[in-house]
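Visitor: I should like to examine the surroundings of a ligand and an enclosed space. Please show me the model.

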Amino acid sequence: MAVTAVVGLQWGDEAKGKVVDLLAAQMEIVARFNGGDNAGHTVVNPLGTFKVRLMPSGFAHPHARCVIGPGVVVNLGTLVAEVETIEKAGLEVRSRLWVSPRCHVVMPYHPAVEAVFEQARGSARTATTGRGIGPVFADKVSYNGIRLSDLTDERLFAQRLHVQLALKNPLLEAFGRPPLAFDPIFKETLAHFDKVRSCVREPFGLLHETMARDGAILLEGAQGALLDNIWGTYPYCTASVTLAGGACAGLGIPPQRISQVVGVAKAYTTRVGAGPMPTELHDEVGETLQREGQEVGTVTGRPRRCGWFDADLVRFTAQLNGATRLALTKLDVLDTLPRLKIGIGYRLPQSGERLWHYWELDGHQLECCEPVYIEMEGWQCSTRQARRWEDLPPQAQAYLRQVEALVGVPLGYISVGPQREATIPLHPL
Ligand code: IMP
């Protein structure tokens with residue numbers, strides 16, 4: 001299994017945290033390669049329910065080393081709080097955590113600048129998580145970023161911070177917001193940094209030494225392929241690369257070393273924030289999915305938009321990621337529905353019967369397209385106790401086989417509840 005990537009095939013929130021936690025039992029290292037604390041991963045294990053944003057979801061396995069690679073942007077306040085929460089629960093984590101000094105730091109002015117961007121966009125706002133992710137990545141590519149390594153040299157850090165406040169404060173003031181003072185930011189950032197200083201060490205050597213002896217490494221993607229900055233529903237997307245390919249740059253891993261890619265998708269579709277979502281439901285079924293699936297954003301607390309499974313999207317994102325296994329989660333949320341639909345493509349106004357694919361359409365066309373569905377019978381009984389394929393009702397088996405055929409990737413895992421054991425390992429790694 002050597003190097004396995006776990007990535008989201010929809011708009012994030014596919015329950016990747018559970019899949020990572022499950023697979024981490026077999027891994028020496030669990031490594032994050034993208035995003036920042038905009039991610040929200042829920043991990044349920046015997047120690048309790050943890051909602052982590054930065055910590056790799058394998059932290060609950062005491063043997064697993066946790067890596068935050070240079071492709072991740074780090075909010076130090078969040079990192080310190082997560083380390084402390086995990087340690088309070090009785091799990092030592094500092095000695096097995098590697099955070100790359102190349103990681104860019106989310107500074108207090110990043111969320112403030114983001115709020116200005118959102119204000120300026122008005123009704124076309126992205127509805128971001130508000131964690132400053134767009135601005136920190138913008139600073140990274142425009143050479144305005146502050147990296148963790150800069151915090152080891154107070155003079156250098158002070159210099160960089162002065163320049164950034166000189167750039168950011170006039171913008172904040174122009175939009176009627178108070179300017180930010182140097183001193184509290186400088187002191188607070190260094191105080192946070194001090195608490196995790198021992199973990200700030202480049203993981204490149206650890207990763208390559210482990211690969212050299214074929215040790216098992218799990219690459220944990222945050223968000224989902226449809227939020228990818230290039231292939232997602234731009235500009236309603238996130239700032240980083242959310243694809244398995246992003247793990248190569250985001251961690252320093254050669255592409256040919258990734259031998260398995262587990263693509264995680266929900267048995268239906270959800271999205272949090274603005275942007276097109278062709279199979280979205282505004283009816284009772286949508287409400288049922290929202291209620292049964294407890295579809296509320298982990299980071300923002302916003303209700304998630306819900307809709308039918310869109311096989312056209314997931315086929316595309318599985319191809320984009322080179323998925324070798326599909327992990328389908330939250331099947332049990334469909335338990336009460338008498339009929340189910342699966343999207344297989346789209347029709348556009350004035351283009352007759354032609355079936356269009358996501359990758360052919362721009363954002364505007366995605367907003368106005370009509371999804372085409374196939375319909376199936378529901379099973380209307382609980383799947384929560386199913387632990388083997390044979391435990392599933394025939395209608396659920398038929399639904400899963402249809403999804404598998406449409407997506408074109410073998411089903412590896414089926415999840416029927418939040419706990420580790422509520423999983424059917426159909427073709428495990
Ligand atoms: P940002 O990543 O905070 O800039 O937000 C950009 C878009 O990505 C918004 O629509 C967010 O709701 C969405 N987003 C970012 N992170 C996640 C996530 O972990 N799960 C689901 N949606 C996310």
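Visitor: How many nonpolar, polar and charged residues has the shell around the ligand, by class?

Guide: The shell has seven nonpolar, eight polar and three charged residues. Ala, Val, Leu, Ile, Met, Phe, Trp, Tyr, Cys and Pro count as nonpolar, Asp, Glu, Lys and Arg as charged, and the others, Gly among them, as polar. The model is predicted: local features need pLDDT of at least 70, side-chain atom pairs count only at pLDDT 80 or more, and totals for chains, interfaces and linings use all residues. Residues are numbered from 1 along each chain as its sequence is written, and side-chain values use heavy atoms, with hydrogens and water left out.

Visitor: What makes the approach of Thr 129 to the ligand a polar contact?

Guide: A polar contact is a pair of N or O atoms within 3.5 Å (within protein, one must be able to donate a hydrogen and the other to accept it, and residues adjacent in sequence count only if both atoms are side-chain atoms). A side-chain N or O atom of Thr 129 is 2.5 Å from an oxygen atom of the ligand, so the pair meets the cut-off. Gln 223 places a polar side-chain atom 3.2 Å from a ligand nitrogen atom, and Val 272 has a backbone N or O atom 3.0 Å from a ligand oxygen atom.

Visitor: Which elements give two or more residues to the lining of the largest cavity?

Guide: The lining includes Lys 18, Leu 328 and Tyr 413; the elements are α1 (16-24), β14 (325-329) and β17 (411-415).

Definitions and conventions
1 Å grid on protein atoms, 1.4 Å probe; cavity = no way out; pocket = protein on both sides within 12 Å on 5 of 7 lines; lining within 4 Å. Helix = DSSP H or I, 4+ residues; strand = E, 2+ residues; numbered from the N terminus.
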